[in-house]
Amino acid sequence: MQDKPIDKDEILNELEQIHNLDYKYSDGRILGSMCTEAHPFAKEVYCKFLDTNLGDPGLFKGTKIIEDKVIKSIGKLLSLDDAYGNIVTGGTEANLMAVRAARNHARKYKGITNGEIIIPESAHFSFKKAADMLNLKIVEAKLDENYKIDVDALKQVISDKTVAIVAIAGTTELGLIDPIEEISEIAFENNIYFHVDAAFGGFSIPFLKKLGYDLPVFDFSLPGVCSITVDPHKMGLAPIPAGGIIFRKEEYLEVMAVDSPYLTVKTQSTIVGTRLGASAVATYAIMKYFGRQGYCKLADNMMQNTYFFESQLRKIGYEVICKPELNIVAFNHPQMDTDLLASKLEEKNWKVSVAKCPKAIRIVLMNHIKKNHLKELLEDLKEIF
Ligand code: 0PR
């Protein structure tokens, strides 16, 4: 740090120049992100609550009320009347909390000390971090030919050490929804904690279903589901960082509680201590502002773009990996290696990402990707061949 204070304008100027190196969502070039530009109203509200700290909720009683309200409201969206949970930093922390709740619950009520979690091969890497931190062994459940959990294979890997089963509603690479209803039954019958990672799909599946899209049930209406991750900072259009973890019962928070002397509350269940109230409040505000109707329109638009892109891709000779269930299209060209195709797109200044399983270019059709961007992209894809 330099000795003397520097003028604000000079600092802002320097920051702006460096910020210019960042890609902007509005350019429509960011094709592999599950985050997008937050809604201006959510940003406005966020800035008003920047000093609030939900780590000490007795000091920020109003902000805590808003967090509780937004959790109940997301819970209702997921068919749960009385939800518990928190707005956290993202899907990674939400998944970590779910796995920690499951581990502690199994330790307390079943005496399991060297537990295992069953996750699909398609699970987000946040579960690997969670297992590492919580000293759990990962057992992978195989996928079927449609890239969803193979339920028979899953049954075979359940053991007396299983502390949780995880399924995904909106996989990171292909946007697919696992057979959650069947898995819920298995988990319920075997008395095993069942977590659904709907970090991506949680803010679109309920709305698409309302519009009549034929999508499977994935939420708390299934008795086996114990917790759901759903991220406002993905399809919810809330500012980063905003993840959501929703629990069916308060006891899942209680088994994680540690004493918190000198705070205004006696215990704390979240992983993060000092934590921003702004994320919870901005999520509350944007959910009110959009309402179900607003989110239905958003989700529908993104699906229409997805179907448009998928059908055009097929027309120009590309192979689409699977029929999209949500707003992700993964594809290859039969005559070109995926990495080479990715680098050709990169040369044309498209920021694409490559899926691993199966290897394919993966485009996430978020709100910042408009029809005109897709038409430009299709032109470039045509030119590559
Ligand atoms: N669960 C699922 C199903 C996810 O897809 C993700 C993130 C997470 C959990 C973790 O969420 P957080 O990143 O909020 O902790 N999936 C993408 C990822 O691999 C999100 C992404 C990717 C966002 C690229 C932006 C981006 O540029 O991180």
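Tutor: In this predicted model, a helix is a DSSP run of H or I with at least four residues, and helices are numbered from the N terminus.

Student: In which helix does E10 lie?

Tutor: E10 belongs to a patch of negative charge on the surface, where it gathers with D7, D9 and E14. Its position falls within residues 8-19, and the helix with that range is α1.

Student: Which residues come nearest to the ligand?

Tutor: The ligand has 17 residues around it. Five of these are singled out as coming nearest, and they are T92, T172, D197, H233 and K234.

Student: How far is the side chain of K234 from an oxygen atom of the ligand?

Tutor: K234 is one of the residues that come nearest to the ligand. The distance in question runs from an N or O atom in the side chain of K234 to an oxygen atom of the ligand, and it is 2.9 Å.

Student: How much of the ligand's accessible area does the protein cover?

Tutor: The reference is the accessible area that the ligand has on its own, which is 590 Å². Of this area, the share covered by the protein is 76%.

Student: Which helix gives the most residues to the shell around the ligand?

Tutor: A backbone N or O atom of G91 lies 3.0 Å from an oxygen atom of the ligand. The helix that gives the most to the shell spans residues 91-110 and supplies 3 residues, and this is helix α4.

Student: Which residue is joined to P241 by a cis peptide bond?

Tutor: Most peptide bonds are trans. P241 is placed in the loop between β6 and β7. The cis bond there has an omega of about 0°, and the partner of P241 is I240.

Student: Where does P358 lie?

Tutor: P358 is joined to C357 by a cis peptide bond, with omega about 0°. The loop that holds P358 is the one between β12 (353-356) and β13 (359-364).

Student: What is the phi of N191?

Tutor: Most residues other than glycine have a negative phi. N191 is found in the loop between α7 and β5. Although N191 is not a glycine, its phi is positive, at about 55°.

Student: Why are D68 and K64 separated by about one helical turn?

Tutor: Among the 17 salt bridges of the structure is that of D68 with K64, whose closest N and O atoms are 3.3 Å apart. The separation is about one helical turn because, within helix α3, the two residues are apart by 4 residues.

Conventions
Residues numbered from 1 in each chain as written. Predicted model: local features only at pLDDT ≥ 70, side-chain atom pairs only at ≥ 80, totals over all residues. Heavy atoms only, no water. Patch = residues over 30% accessible without salt bridge, like charges linked within 9 Å, V, L, I, M, F, W, Y side chains within 5 Å. Areas by Shrake-Rupley, 256 points an atom, 1.4 Å probe, with all protein chains shown as cover. Salt bridge = Lys/Arg side-chain N within 4 Å of Asp/Glu carboxyl O. Lys, Arg positive; Asp, Glu negative; His and termini not counted. Charge placed at Lys NZ, Arg CZ, Asp CG, Glu CD. Near = heavy atom within 4 Å. Polar contact = N/O pair within 3.5 Å; in protein donor to acceptor, adjacent residues only side chain to side chain.
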